[in-house]
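Notebook open, coffee poured. I want to go from the whole chain down to a few single residues.

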Amino acid sequence: MAANDTIADMLTRIRNAGLVRHQTTNVPATRMTHSIAKVLKNEGFIADFEETGEGIKRTLVLSLKYKGKNRQPIITALQRVSKPGLRVYSNRKELPRVLGGIGIAIISTSHGIMTDREARRQGIGGEVLCYIW
């Protein structure tokens, strides 16, 4: 199935896999989903990811992280902010803080995909893709 909004598709797959406590989930591989997975790994929201397949059949296999005896997902919620029908941009002074800094906002900047903290540190704004906490 072809998805027009690959970021929303990725977030939904992660959300659904976390709800049923799956160890891994597959996401169609694009440059954008690869960059988002790299940010999620660096921030500690997922354990690891790897790319499998070739050509148009490439997928990212994301290993999800859980905590505690009851295996509560590390990712509590994911929220898509900028959508294909309504893009949301933010300059460096108005970058959002998610739950007072507990969560992260993933920003698409001219320097690549990064968290709100990193964009604030570099002094650049961009498109606010999603919130994760």
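Before I get to α1 and what follows it, a term: helices here are DSSP runs of H or I with at least four residues, strands are runs of E with at least two, and both are numbered from the N terminus. Also noting up front that this is a predicted model.

**Entry 1: the whole chain.** I looked up the elements and got three helices and 10 strands. Read from the N terminus, the order is α-β-α-β-β-β-β-β-β-β-β-α-β. Next I checked the radius of gyration: the chain has 15 Å, which agrees with the value near 14 Å for a compact globule of 133 residues. Along the principal axes, the C-alpha atoms fill a box of roughly 40 × 40 × 25 Å.

**Entry 2: contacts, surface, charge.** I took the contacts with a separation of 6 or more and found that 58% of them join residues 24 or more positions apart. Of the 133 residues, 39% are buried. The accessible surface is about 7,900 Å², and carbon and sulfur atoms own 49% of that. I then looked at side-chain charge: 21 are positive and 11 negative, with the centres of the two sets 6 Å apart.

**Entry 3: helix α1.** How many Å should the 14 residues of α1 span? At 1.5 Å a residue I expect 20 Å for residues 6-19, and the end C-alpha atoms are indeed 20 Å apart. I listed the buried residues of α1 too: I7, D9, M10, L11, I14, A17 and G18.

**Entry 4: just past the helix.** R21 comes after α1 and has a positive phi, near 60°. I made a note of that because most residues other than glycine have a negative phi. R21 sits in the loop between α1 and β1. Its relative accessible area is 31%, so I log R21 as partly exposed.

**Entry 5: into β1.** Is T25, in strand β1 (residues 24-28), buried or exposed? I get 9% relative accessibility; buried means under 20%, so T25 counts as buried. Skipping neighbours within four places in sequence, I find T25 in contact with R13, I14, A17, L60, V61, L62 and L64. Two of those names, I14 and A17, were already in my list of buried α1 residues.

**Entry 6: another positive phi.** L99 is not a glycine either, and its phi is positive, near 50°. I placed L99 in the loop between β7 (89-90) and β8 (104-109). With a relative accessible area of 48%, L99 goes down as partly exposed.

How values were computed:
Residues are numbered from 1 along each chain as its sequence is written. This is a predicted model: local features need pLDDT of at least 70, side-chain atom pairs count only at pLDDT 80 or more; totals for chains, interfaces and linings use all residues. Side-chain values use heavy atoms; hydrogens and water are left out. The radius of gyration is taken over C-alpha atoms; the globule rule is 2.2 Å times the number of residues to the power 0.38. Buried means under 20% relative accessible area, exposed over 50%, partly exposed in between (1.4 Å probe, protein chains only). Contact means heavy atoms within 4.5 Å. Accessible areas come from the Shrake-Rupley method with a 1.4 Å probe; for residues, only the protein chains shown count as cover. Lys and Arg count as positive and Asp and Glu as negative; His and the chain ends are not counted. The place of a charge is taken as NZ of Lys, CZ of Arg, CG of Asp or CD of Glu. The expected span of a helix is 1.5 Å times one less than its number of residues.
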